[in-house]
Amino acid sequence: MLLPLIIGFIFGFLLQRTGLGHSYKVIGQFTFRDNTMLKFMVSAIAFGMITISLFADENMLSASSMPDTYALGNIIGGAILGIGMAIAGVCPGTLITGIGQGNIDYLVPGVLGFLTGGVLFGYSFNPYFLKLSAIGFSKGLTLEQLTGAGHWMFSVEMLIIAASAFLITRKFDI
Amino acid sequence: MISRVLTAKTWTPWVTGALTGLLAALCCVYGKTVLGASGGFITAASFAGKYLNMPWQDLLYFKFVKPPVISFQLIQFTGMILGSFTAAYLSSDFKLRLTPDEGMRGRSRSDIIKRWLTIFFCGILVEFGASIAGGCTSGLGISGIIQQSPAGFLFFAAAFAAAVPTALIMKRLR
């Protein structure tokens with residue numbers, strides 16, 4: 001009970017302080033007018049990956065937190081989400097963040113839209129989703145299992161990418 | 001110094017991103033679930049079905065896959081709203097907003113209606129897409145990628161590939 005509350009508090013705090021509760025910050029990323037979101041993502045991925053690699057060495061990862069790979073569904077779903085996010089400037093995490101900072105458009109029509117999307121998914125789960133998610137399904141697949149390369153290789157690569165992005169964006173002030 | 005940091009309107013995304021990555025990793029290991037948000041809306045839709053006596057409550061999906069029970073993510077939502085409110089309040093960014101602060105031409109009634117319809121319909125797309133993909137920007141984009149799940153990378157690439165042309169087209173239309 002306390003753990004999700006604390007995790008949520010920190011997550012909401014950080015997203016708000018990044019400015020992502022404002023839809024123009026999210027939309028600005030996709031026209032590359034404002035690269036806040038990409039910097040945030042790259043940094044999160046690099047530091048998170050290193051931390052996960054440390055935990056993986058200690059065998060502390062649980063199967064329940066590992067997403068399943070079903071390529072076609074992951075891609076189609078991602079594209080549909082991308083279109084909505086680029087137009088309205090919200091994703092599920094930033095919608096909750098926006099509500100916390102007082103955005104009424106997020107709280108009323110935003111939440112109603114998200115709930116409607118959830119209900120629509122419920123209706124399409126049995127007739128369509130089960131078939132779609134069966135295509136190329138691999139439970140809890142990791143890059144390590146897919147390629148045979150060690151997980152540290154990807155973590156260090158990601159850290160190098162993030163460090164390079166940090167230096168480049170600072171140098172050119174983008 | 002500390003008070004200046006606490007009241008700053010935004011923090012650099014490199015720092016908030018790194019902390020979020022760390023948080024996502026801790027959530028995977030100690031919470032045994034991804035740091036996401038899209039699943040919480042599905043549970044909320046399940047509750048709405050049950051307590052408002054809506055027809056979707058009888059779907060197998062809302063009865064067995066996502067039953068109306070208080071989930072990790074719903075408690076996390078409460079924490080997120082409190083965290084976002086605290087961050088916004090301390091930096092004087094808390095304000096009741098009917099429309100975003102930037103990115104809109106005006107504040108007339110028709111502008112408000114346009115924004116509210118946009119976020120409603122895009123909300124449907126975002127939540128429906130996230131549910132198909134198996135997670136959202138944080139749940140699959142960050143938490144999936146840091147665990148080196150191919151699903152996370154496919155999702156992230158697809159979302160970006162769809163969002164950039166969408167945002168550019170919308171910019172041209174405005």
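Here is a short chat about how chains A and B meet in this predicted model.

User: How many residues does the contact take from chain B and from chain A?
Analyst: Let's count heavy atoms within 4.5 Å as contact. On that basis the two chains of this predicted model give 116 residues from chain B and 115 residues from chain A.

User: What is the area buried between chain B and chain A, and what part do carbon and sulfur atoms give?
Analyst: The area buried between the two chains comes to about 10100 Å². As for the part from carbon and sulfur atoms, the value is 77%.

User: Which residues form the salt bridge between chain B and chain A?
Analyst: The count between these chains is 1 salt bridge. The closest N and O atoms are 2.8 Å apart, and the cut-off is 4 Å. The partners are Arg115(B) and Asp105(A).

User: How many residue pairs are in polar contact across the interface, and which helices of chain B supply the side that touches chain A?
Analyst: Across the interface of chain B and chain A, 34 residue pairs are in polar contact, both residues at pLDDT 80 or more. On the chain B side, the helices that each supply at least two residues are α1 (2-7), α2 (13-31), α3 (38-51), α4 (60-65), α5 (72-90), α6 (109-133), α7 (137-146) and α8 (150-173).

User: And by class, how many residues of that side of chain B are nonpolar, polar and charged?
Analyst: Gly goes with the polar group here. Sorted that way, the side of chain B that touches chain A has 75 nonpolar, 30 polar and 11 charged residues.

User: Why does the aromatic pair of Phe55(A) and Tyr30(B) join two chains?
Analyst: Start with the geometry: the rings sit 6.0 Å centre to centre with 85° between the planes, an edge-to-face pair. Phe55(A) is also buried, at 12% relative accessibility. The pair joins two chains because Phe55(A) lies in helix α3 (residues 36-57) of chain A and Tyr30(B) in helix α2 of chain B.

User: What kind of aromatic pair do Phe125(A) and Phe129(A) form?
Analyst: They're 4 residues apart in helix α6 (residues 104-134) of chain A, so about one helical turn separates them. Phe125(A) is buried at 12% relative accessible area, and Phe129(A) is buried at 12%. Their rings are 5.5 Å apart, centre to centre, and with 25° between the planes the pair is stacked.

User: Which residues do ring pairs link into a cluster?
Analyst: Over all chains, the search finds 22 aromatic pairs. The cluster linked by ring pairs is Tyr70(A), Phe121(A), Phe125(A), Phe129(A), Phe137(A), Tyr61(B), Phe62(B) and Phe128(B).

Technical notes. Residues numbered from 1 in each chain as written. Chains lettered and ligands numbered in written order. Predicted model: local features only at pLDDT ≥ 70, side-chain atom pairs only at ≥ 80, totals over all residues. Heavy atoms only, no water. Buried area = accessible area lost by both parts, 1.4 Å probe. Salt bridge = Lys/Arg side-chain N within 4 Å of Asp/Glu carboxyl O. Polar contact = N/O pair within 3.5 Å; in protein donor to acceptor, adjacent residues only side chain to side chain. Phe/Tyr/Trp six-rings, centres within 6.5 Å; stacked < 30°, edge-to-face > 60°. Buried < 20%, exposed > 50% of the residue type's maximum accessible area, 1.4 Å probe, protein only.
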